[in-house]
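Q: I have a model open and would like to talk through how it is put together. Could you take me through it step by step?

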Amino acid sequence: MEKPPVDVIVSVLFPTICNTVYQVCAKSVPADMNPLASLTVTYLVAVIMSGLLYVWLSTGEDFLGEYRKLNLAPFALGAVIVGLEAGSMLIKQAGR
């Protein structure tokens, strides 16, 4: 039997591990903390990590030129993700 390529293994393991850590972290936010304050820190870290990954994994394309290709979709996706996260945090907080 042929071994699966490393990129297939990583593409399965990475989100699985991240999802597990996500659940643990989401449940570890202090109960008396405003979930939206927590999200501001969460997304600040996400912005920094996304920027670092973009620079690190970049294949030499025009860094700022990529941002000229933006349309409404990334902005809408960002708003929807914040809504999903805020709703999830509020549900967890209500269930404590």
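A: Gladly, and bear in mind that this is a predicted model. A good place to begin is helix α4, whose buried residues pack against α1 (6-28) and α2 (35-57).

Q: Which residues of α4 are the buried ones?
A: They are Glu 85, Ala 86 and Met 89.

Q: And how far apart are the end C-alpha atoms of α4?
A: They are 33 Å apart, and this agrees with expectation because the 23 residues of the helix (residues 72-94), at 1.5 Å a residue, should span 33 Å.

Q: What happens at the start of α4?
A: There a side-chain oxygen of Asn 71 reaches to within 2.9 Å of the backbone nitrogen of Ala 73.

Q: Back to Met 89 for a moment; what about Ser 38, is it buried or exposed?
A: Ser 38, which is found in helix α2, counts as buried, because its relative accessibility is 9% and the cut-off for buried is under 20%. Once its neighbours within four places in sequence are set aside, Ser 38 is in contact with Val 29, Met 33 and Met 89, and Met 89 is one of the buried residues of α4.

Q: Where does Ala 26 lie?
A: Ala 26 lies in helix α1, and at 7% relative accessibility it counts as buried. Between Ala 26 and Ala 46 there are 15 Å in space, C-alpha to C-alpha, for a separation of 20 residues in sequence.

Q: Switching to the surface, which residues make the nonpolar patch?
A: The patch, of about 750 Å², is made by Val 55, Phe 63, Leu 64, Tyr 67, Leu 70, Leu 72 and Phe 75. Both α3 (63-67) and α4 supply at least two residues each, while α3 gives the most, with 3 residues.

Q: Is Leu 72 buried or exposed?
A: Leu 72, whose place is in helix α4, counts as exposed, with 66% relative accessibility.

Q: Now charges: how many salt bridges are there in the whole structure?
A: A search finds 2. In one of them the side chains of Arg 68 and Asp 62 meet at 3.3 Å, N to O, and in another those of Lys 69 and Glu 66 meet at 2.9 Å, N to O.

Q: How exposed are those four side chains' residues?
A: Arg 68 counts as exposed at 63% relative accessibility, whereas its partner Asp 62 is partly exposed at 48%. Likewise, Lys 69 is exposed, with a relative accessible area of 59%, and Glu 66 counts as partly exposed at 30%.

Key. Residues are numbered from 1 along each chain as its sequence is written. This is a predicted model: local features need pLDDT of at least 70, side-chain atom pairs count only at pLDDT 80 or more; totals for chains, interfaces and linings use all residues. Side-chain values use heavy atoms; hydrogens and water are left out. Helices (H or I, at least four residues) and strands (E, at least two) are DSSP runs, numbered from the N terminus. The expected span of a helix is 1.5 Å times one less than its number of residues. Buried means under 20% relative accessible area, exposed over 50%, partly exposed in between (1.4 Å probe, protein chains only). Contact means heavy atoms within 4.5 Å. A polar contact is a pair of N or O atoms within 3.5 Å; within protein, one must be able to donate a hydrogen and the other to accept it, and residues adjacent in sequence count only if both atoms are side-chain atoms. Patches are made of residues with over 30% relative accessible area and no salt bridge: like charges are joined within 9 Å, nonpolar side chains (Val, Leu, Ile, Met, Phe, Trp, Tyr) within 5 Å. Accessible areas come from the Shrake-Rupley method with a 1.4 Å probe; for residues, only the protein chains shown count as cover. A salt bridge is a side-chain nitrogen of Lys or Arg within 4 Å of a carboxyl oxygen of Asp or Glu.
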